[in-house]
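Open the structure in a viewer and keep the sequence beside it. The stops below say what to select and what is there.

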Amino acid sequence: VDPPLKSIRAAWRSPSLLWRTFLLIVSLAVASLVAWVPSVQVFEREPRAHRLADQVVSIIHATRIALVYSDPERRHELLADLLADESVRGVPLEPNNPEEPLEDSPLLRLAERDVRQRLGANTRLASKVNGVSGFWVSFSIDEDAYWVFIDRALLRRDIGRGWIAWAIL
(Lines give C-alpha, C1' and ligand atoms only; values in the text may rest on other atoms or scores of the structure.)
Protein backbone atom coordinates (compact mmCIF):
# COMPACT_ATOMS: atom_id res chain seq x y z
CA VAL A 1 0.00 0.00 0.00
CA ASP A 2 1.17 3.49 -0.87
CA PRO A 3 2.79 5.23 2.20
CA PRO A 4 0.71 8.49 1.98
CA LEU A 5 -2.49 6.46 1.72
CA LYS A 6 -1.44 4.41 4.72
CA SER A 7 -0.92 7.54 6.85
CA ILE A 8 -4.34 8.90 5.81
CA ARG A 9 -6.02 5.63 6.86
CA ALA A 10 -4.18 5.75 10.18
CA ALA A 11 -5.31 9.33 10.75
CA TRP A 12 -8.95 8.34 10.23
CA ARG A 13 -8.72 5.40 12.59
CA SER A 14 -7.45 7.20 15.68
CA PRO A 15 -7.89 10.92 16.21
CA SER A 16 -4.89 12.86 17.34
CA LEU A 17 -4.29 13.64 20.99
CA LEU A 18 -5.45 17.24 20.37
CA TRP A 19 -8.88 16.13 19.10
CA ARG A 20 -9.31 13.52 21.82
CA THR A 21 -8.51 16.17 24.44
CA PHE A 22 -10.90 18.64 22.80
CA LEU A 23 -13.72 16.06 22.73
CA LEU A 24 -13.04 15.17 26.36
CA ILE A 25 -13.22 18.83 27.44
CA VAL A 26 -16.40 19.44 25.42
CA SER A 27 -18.08 16.33 26.83
CA LEU A 28 -17.11 17.34 30.38
CA ALA A 29 -18.52 20.85 29.80
CA VAL A 30 -21.80 19.41 28.46
CA ALA A 31 -22.01 16.95 31.37
CA SER A 32 -21.44 19.76 33.88
CA LEU A 33 -24.22 21.86 32.26
CA VAL A 34 -26.57 18.89 32.33
CA ALA A 35 -25.87 18.47 36.06
CA TRP A 36 -25.90 22.23 36.75
CA VAL A 37 -29.33 23.09 35.30
CA PRO A 38 -31.41 20.86 37.64
CA SER A 39 -29.37 21.85 40.67
CA VAL A 40 -29.94 25.56 39.93
CA GLN A 41 -33.67 24.90 39.55
CA VAL A 42 -33.78 23.16 42.95
CA PHE A 43 -31.83 25.92 44.72
CA GLU A 44 -33.86 28.64 42.99
CA ARG A 45 -37.26 27.10 43.77
CA GLU A 46 -37.82 28.58 47.25
CA PRO A 47 -36.73 32.18 46.48
CA ARG A 48 -38.81 32.05 43.29
CA ALA A 49 -41.84 30.79 45.25
CA HIS A 50 -41.45 33.67 47.71
CA ARG A 51 -41.25 36.20 44.84
CA LEU A 52 -44.35 34.66 43.27
CA ALA A 53 -46.20 34.82 46.60
CA ASP A 54 -45.07 38.45 47.07
CA GLN A 55 -46.51 39.36 43.66
CA VAL A 56 -49.80 37.59 44.34
CA VAL A 57 -50.19 39.06 47.83
CA SER A 58 -49.43 42.60 46.63
CA ILE A 59 -52.01 42.26 43.81
CA ILE A 60 -54.59 40.96 46.30
CA HIS A 61 -53.84 43.77 48.77
CA ALA A 62 -54.12 46.43 46.05
CA THR A 63 -57.42 44.97 44.84
CA ARG A 64 -58.74 44.65 48.38
CA ILE A 65 -57.80 48.26 49.22
CA ALA A 66 -59.44 49.50 46.03
CA LEU A 67 -62.64 47.63 46.89
CA VAL A 68 -62.64 48.58 50.60
CA TYR A 69 -62.31 52.28 49.89
CA SER A 70 -64.85 52.29 47.11
CA ASP A 71 -68.51 52.90 47.72
CA PRO A 72 -70.14 49.50 48.42
CA GLU A 73 -72.89 50.22 45.86
CA ARG A 74 -70.26 50.99 43.22
CA ARG A 75 -68.01 47.96 43.83
CA HIS A 76 -69.46 46.17 40.84
CA GLU A 77 -68.52 49.14 38.64
CA LEU A 78 -64.98 49.00 40.02
CA LEU A 79 -64.86 45.28 39.25
CA ALA A 80 -66.04 46.06 35.73
CA ASP A 81 -63.19 48.57 35.39
CA LEU A 82 -60.76 45.91 36.61
CA LEU A 83 -62.14 43.59 33.92
CA ALA A 84 -60.93 46.07 31.29
CA ASP A 85 -57.38 45.11 32.24
CA GLU A 86 -56.88 41.58 30.91
CA SER A 87 -54.01 40.65 33.22
CA VAL A 88 -55.81 41.17 36.57
CA ARG A 89 -59.54 40.78 37.19
CA GLY A 90 -61.82 40.67 40.17
CA VAL A 91 -65.10 38.79 40.15
CA PRO A 92 -67.54 37.97 42.94
CA LEU A 93 -67.03 34.51 44.42
CA GLU A 94 -70.14 32.38 44.15
CA PRO A 95 -70.49 29.13 46.11
CA ASN A 96 -71.21 27.20 42.91
CA ASN A 97 -68.17 28.45 40.93
CA PRO A 98 -66.56 25.39 39.33
CA GLU A 99 -62.86 25.48 40.16
CA GLU A 100 -59.80 23.33 39.55
CA PRO A 101 -56.91 23.17 42.03
CA LEU A 102 -53.42 24.41 41.22
CA GLU A 103 -51.02 22.06 39.50
CA ASP A 104 -49.09 19.81 41.83
CA SER A 105 -45.59 21.22 41.47
CA PRO A 106 -43.06 21.93 44.23
CA LEU A 107 -42.88 25.61 43.23
CA LEU A 108 -46.65 26.14 43.38
CA ARG A 109 -46.96 24.20 46.67
CA LEU A 110 -44.38 26.51 48.28
CA ALA A 111 -46.06 29.62 46.82
CA GLU A 112 -49.50 28.41 47.89
CA ARG A 113 -48.29 27.80 51.46
CA ASP A 114 -46.75 31.28 51.57
CA VAL A 115 -49.86 32.98 50.15
CA ARG A 116 -52.15 31.18 52.61
CA GLN A 117 -49.86 32.05 55.49
CA ARG A 118 -49.99 35.74 54.60
CA LEU A 119 -53.63 36.04 53.49
CA GLY A 120 -55.26 33.55 55.86
CA ALA A 121 -56.13 29.87 55.96
CA ASN A 122 -59.50 30.46 54.24
CA THR A 123 -57.76 31.69 51.07
CA ARG A 124 -58.50 29.47 48.10
CA LEU A 125 -56.18 29.16 45.12
CA ALA A 126 -57.19 27.63 41.80
CA SER A 127 -55.85 27.21 38.31
CA LYS A 128 -59.25 27.45 36.62
CA VAL A 129 -62.51 29.06 37.71
CA ASN A 130 -65.64 29.07 35.55
CA GLY A 131 -63.59 27.55 32.72
CA VAL A 132 -61.06 30.41 32.65
CA SER A 133 -57.44 29.32 33.13
CA GLY A 134 -55.12 31.50 35.14
CA PHE A 135 -53.97 32.00 38.71
CA TRP A 136 -57.07 32.54 40.87
CA VAL A 137 -56.96 33.67 44.50
CA SER A 138 -59.95 34.23 46.77
CA PHE A 139 -60.34 36.89 49.43
CA SER A 140 -63.18 38.48 51.33
CA ILE A 141 -64.23 41.92 52.48
CA ASP A 142 -66.81 41.92 55.26
CA GLU A 143 -69.58 39.66 53.93
CA ASP A 144 -68.49 39.74 50.27
CA ALA A 145 -66.12 37.17 48.78
CA TYR A 146 -64.18 37.68 45.55
CA TRP A 147 -61.91 35.86 43.14
CA VAL A 148 -58.95 37.72 41.70
CA PHE A 149 -57.71 36.42 38.37
CA ILE A 150 -54.03 36.96 37.63
CA ASP A 151 -52.80 36.17 34.15
CA ARG A 152 -50.05 33.56 34.31
CA ALA A 153 -47.93 35.72 31.99
CA LEU A 154 -47.57 38.26 34.82
CA LEU A 155 -46.15 35.58 37.08
CA ARG A 156 -44.01 33.83 34.51
CA ARG A 157 -40.37 34.63 34.09
CA ASP A 158 -38.48 34.60 30.83
CA ILE A 159 -35.53 32.26 31.13
CA GLY A 160 -34.97 31.38 27.48
CA ARG A 161 -32.29 33.92 26.59
CA GLY A 162 -30.52 33.57 29.92
CA TRP A 163 -30.19 29.81 29.64
CA ILE A 164 -29.03 30.03 26.03
CA ALA A 165 -26.40 32.62 26.99
CA TRP A 166 -25.16 30.46 29.88
CA ALA A 167 -25.00 27.38 27.65
CA ILE A 168 -22.98 29.26 25.02
CA LEU A 169 -20.58 30.60 27.66
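Colour the chain by secondary structure: six helices and five strands appear. Starting at the N terminus, the order of these elements is α-α-α-β-β-α-β-β-β-α-α. What is on screen is a predicted model.

Stay with the whole chain for a moment. It has 169 residues, and 27% of them count as buried. A surface view covers about 11,600 Å² of accessible area, and 60% of that belongs to carbon and sulfur atoms. Among contacts between residues at least 6 apart in sequence, 61% join residues that are at least 24 apart.

**Stop 1: helix α2**

Select residues 17-68, which make up helix α2. This helix has 52 residues, and the distance from its first C-alpha to its last is 74 Å, close to the 76 Å expected at 1.5 Å a residue. Where is the kink in α2? Centre on Arg45: a kink of about 45° lies there, shortly before the proline Pro47.

Next, pick Glu46, also in α2. Glu46 is partly exposed, because its relative accessible area is 42%, which falls between the limits of 20% for buried and 50% for exposed. Add Ala111 to the selection: Glu46 and Ala111 are 65 residues apart in sequence, yet their C-alpha atoms are 8.3 Å apart in space.

Now show the buried residues of α2, which are Ala49, Leu52, Ala53, Val56, Val57, Ile59, Ile60, Thr63 and Leu67. Is the last of these, Leu67, covered completely or in part? Its relative accessible area is 0%, so Leu67 is buried. Leaving aside neighbours within four places in sequence, Leu67 is in contact with Arg75, Leu78, Leu79, Phe139, Ile141 and Tyr146. One of these partners, Ile141, is 74 residues away in sequence, with 8.1 Å between the two C-alpha atoms.

**Stop 2: the nonpolar cores**

In soluble globular proteins, nonpolar side chains tend to be buried together. To see this chain's largest nonpolar core, which has 24 residues, begin with Val56, Ile60, Val115, Phe135, Val137, Phe139 and Val148, the members that touch the most others. The elements giving two or more residues to this core are α2, α4 (106-119), β4 (132-141) and β5 (144-150). Which of them gives the largest share? That is α2, with eight residues.

Zoom in on Ile60. Not counting residues up to four places away in sequence, Ile60 touches Leu119, Val137, Phe139 and Val148. There is also a second, separate core of six residues; to find it, select Leu93, Ala126, Trp136 and Phe149, which are among its members.

**Stop 3: the sheet**

Hide the helices and show the strands. They form an open sheet of five strands in the order β1-β5-β4-β3-β2, with antiparallel pairing. The edge strands are β1 and β2 (99-100), each of which pairs on one side only.

Begin at the β1 edge. Strand β1 covers residues 88-92, and five bridges join it to β5 in an antiparallel arrangement. Select Pro92 and look across to β5, where Tyr146 stands opposite. Strand β5 is mostly covered, with five of its seven residues buried.

Move on to β4, which pairs with β5 in the antiparallel sense over seven bridges. For one facing pair, select Val137 and Val148 in β5. Both were seen earlier among the residues with the most partners in the largest core. In a regular strand the side chains alternate between the two faces of the sheet.

Follow the turn of the hairpin formed by β4 and β5. There are two residues between the strands, and Asp142 takes a positive phi near 55°.

Then go to Asn130, in the loop between β3 and β4. Asn130 is a residue other than glycine with a positive phi, near 55°. It is partly exposed, because its relative accessible area is 42%.

Finish at the β2 edge. Strand β3 (residues 125-129) and β2 pair in the antiparallel sense over two bridges. Select Glu99 to end the tour: its bridge partner in β3 is Val129.

Conventions
Residues are numbered from 1 along each chain as its sequence is written. This is a predicted model: local features need pLDDT of at least 70, side-chain atom pairs count only at pLDDT 80 or more; totals for chains, interfaces and linings use all residues. Side-chain values use heavy atoms; hydrogens and water are left out. Helices (H or I, at least four residues) and strands (E, at least two) are DSSP runs, numbered from the N terminus. Buried means under 20% relative accessible area, exposed over 50%, partly exposed in between (1.4 Å probe, protein chains only). Contact means heavy atoms within 4.5 Å. The expected span of a helix is 1.5 Å times one less than its number of residues. The bend at a residue is the angle between axes fitted to the seven residues ending there and the seven starting there. Accessible areas come from the Shrake-Rupley method with a 1.4 Å probe; for residues, only the protein chains shown count as cover. A nonpolar core is a set of buried Ala, Val, Leu, Ile, Met, Phe, Trp, Tyr and Cys residues joined through side-chain atoms within 4.5 Å. Two strands pair if DSSP finds at least two bridges between them.
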